[in-house]
Amino acid sequence: MPEQYLTVAQVAERLGTSERFPRRLIAERRIAFVKMGTHVRIAESTLNSYLASGTVPAVPSRRDRRGGNA
């Protein structure tokens with residue numbers, strides 16, 4: 001299956017943010033992008049990698065670590 005390239009608006013929608021956030025990521029070179037003339041696109045796989053790299057694993061609650069009952 002060929003790579004899907006997303007517009008800034010599509011990236012913002014998937015992230016649940018305004019378009020300003022992905023534009024800032026692009027401006028600060030914090031996410032890879034493709035420039036086609038005046039258009040900027042982000043590969044779907046790049047967005048998925050960006051999200052995976054920023055994912056913080058859950059930490060068990062104190063109750064879970066004690067192994068006790070509520």
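## Exercises on a predicted fold

The protein chain has four helices and three strands. The model is a predicted one, so please keep that in mind as you work through the exercises below.

### Exercise 1: Layout along the sequence

Task: In what pattern do the helices and strands of the protein chain follow one another along the sequence?

Solution. Begin with the inventory: three strands and four helices. Next, walk along the sequence and write down each element as it comes, which gives β-α-α-β-β-α-α. Two of these elements can be placed by residue number: α1 covers residues 8-15, and α2 covers residues 20-27.

### Exercise 2: Assembling the sheet

Task: In what order do the three strands lie in the open sheet, and which strands stand at the edges?

Solution. Take the pairings one at a time.

- Step 1: Strand β1 (residues 5-6) and strand β3 (residues 39-43) run antiparallel and are joined by two bridges. In this pairing, Leu6 has Ile42 of β3 as its bridge partner.
- Step 2: Strand β2 (residues 34-36) also runs antiparallel to β3, with three bridges joining them. Here Lys35 is matched with Val40 of β3.
- Step 3: Put the two pairings together, and the order is β1-β3-β2 in an open, antiparallel sheet. β1 and β2 each have a single partner strand, so they are the edges, and one side of each has no neighbour in the sheet.

### Exercise 3: Backbone angles in a turn and a loop

Task: Which residue in the hairpin turn has a positive phi, and which residue has a positive phi although it is not a glycine?

Solution. Look first at the hairpin formed by β2 and β3, where two residues lie between the strands. Gly37 sits in that turn with a positive phi of about 70 degrees. Now move to the loop between α2 and β2, where Arg29 is found. Arg29 is not a glycine, yet its phi is positive, at about 60 degrees. As for its surroundings, Arg29 has a relative accessible area of 61% and is exposed.

### Exercise 4: Arg41 and its contacts

Task: Which residues are in contact with Arg41, leaving aside neighbours within four places in sequence?

Solution. Locate Arg41 first: its place is in strand β3. Then list the contacts, which are Tyr5, Leu6, Thr7, Phe33, Val34 and Met36. Sort them by strand using the residue ranges: Tyr5 and Leu6 belong to β1, while Val34 and Met36 belong to β2. Thr7 is 34 residues away from Arg41 along the chain, but their C-alpha atoms are separated by 5.1 Å. Finally, check the accessibility: Arg41 is partly exposed, with a relative accessible area of 21%.

### Exercise 5: Glu19 and the helices

Task: Where does Glu19 lie, and which residues does Glu19 touch beyond four places in sequence?

Solution. Glu19 lies in the loop between α1 and α2. Outside its sequence neighbourhood, Glu19 touches Val8, Ala9 and Ala12. Ala9 has its place in helix α1, and the C-alpha atoms of Ala9 and Glu19 are 5.7 Å apart, with their positions 10 residues apart along the chain. Both residues are partly exposed: Ala9 has a relative accessible area of 35%, and Glu19 has 36%. For another distance, take Glu19 and Met1, which are 18 residues apart along the chain and have C-alpha atoms separated by 27 Å.

Helix α2 offers a further example in Ala27. Ala27 counts as exposed because its relative accessibility is 57%, over the 50% cut-off. The C-alpha atoms of Ala27 and Glu13 are separated by 18 Å, and the two residues are 14 apart along the chain.

### Exercise 6: The chain as a whole

Task: What radius of gyration does the protein chain have, and what would a compact globule of 70 residues have?

Solution. The reference value for a compact globule of 70 residues is near 11 Å, whereas the protein chain has 18 Å. Turn next to the extents: along the principal axes, the C-alpha atoms fill a box of roughly 60 × 30 × 20 Å. Then consider burial, which applies to 17% of the 70 residues. The exposed area is about 5,600 Å², with carbon and sulfur atoms supplying 50% of it. For contacts between residues at least 6 apart in sequence, 47% join residues at least 24 apart. To finish, compare the charge centres: the mean positions of the 12 positive and 6 negative charges are 9 Å apart.

Definitions and conventions:
Residues are numbered from 1 along each chain as its sequence is written. This is a predicted model: local features need pLDDT of at least 70, side-chain atom pairs count only at pLDDT 80 or more; totals for chains, interfaces and linings use all residues. Side-chain values use heavy atoms; hydrogens and water are left out. The radius of gyration is taken over C-alpha atoms; the globule rule is 2.2 Å times the number of residues to the power 0.38. Buried means under 20% relative accessible area, exposed over 50%, partly exposed in between (1.4 Å probe, protein chains only). Contact means heavy atoms within 4.5 Å. Accessible areas come from the Shrake-Rupley method with a 1.4 Å probe; for residues, only the protein chains shown count as cover. Lys and Arg count as positive and Asp and Glu as negative; His and the chain ends are not counted. The place of a charge is taken as NZ of Lys, CZ of Arg, CG of Asp or CD of Glu. Two strands pair if DSSP finds at least two bridges between them.
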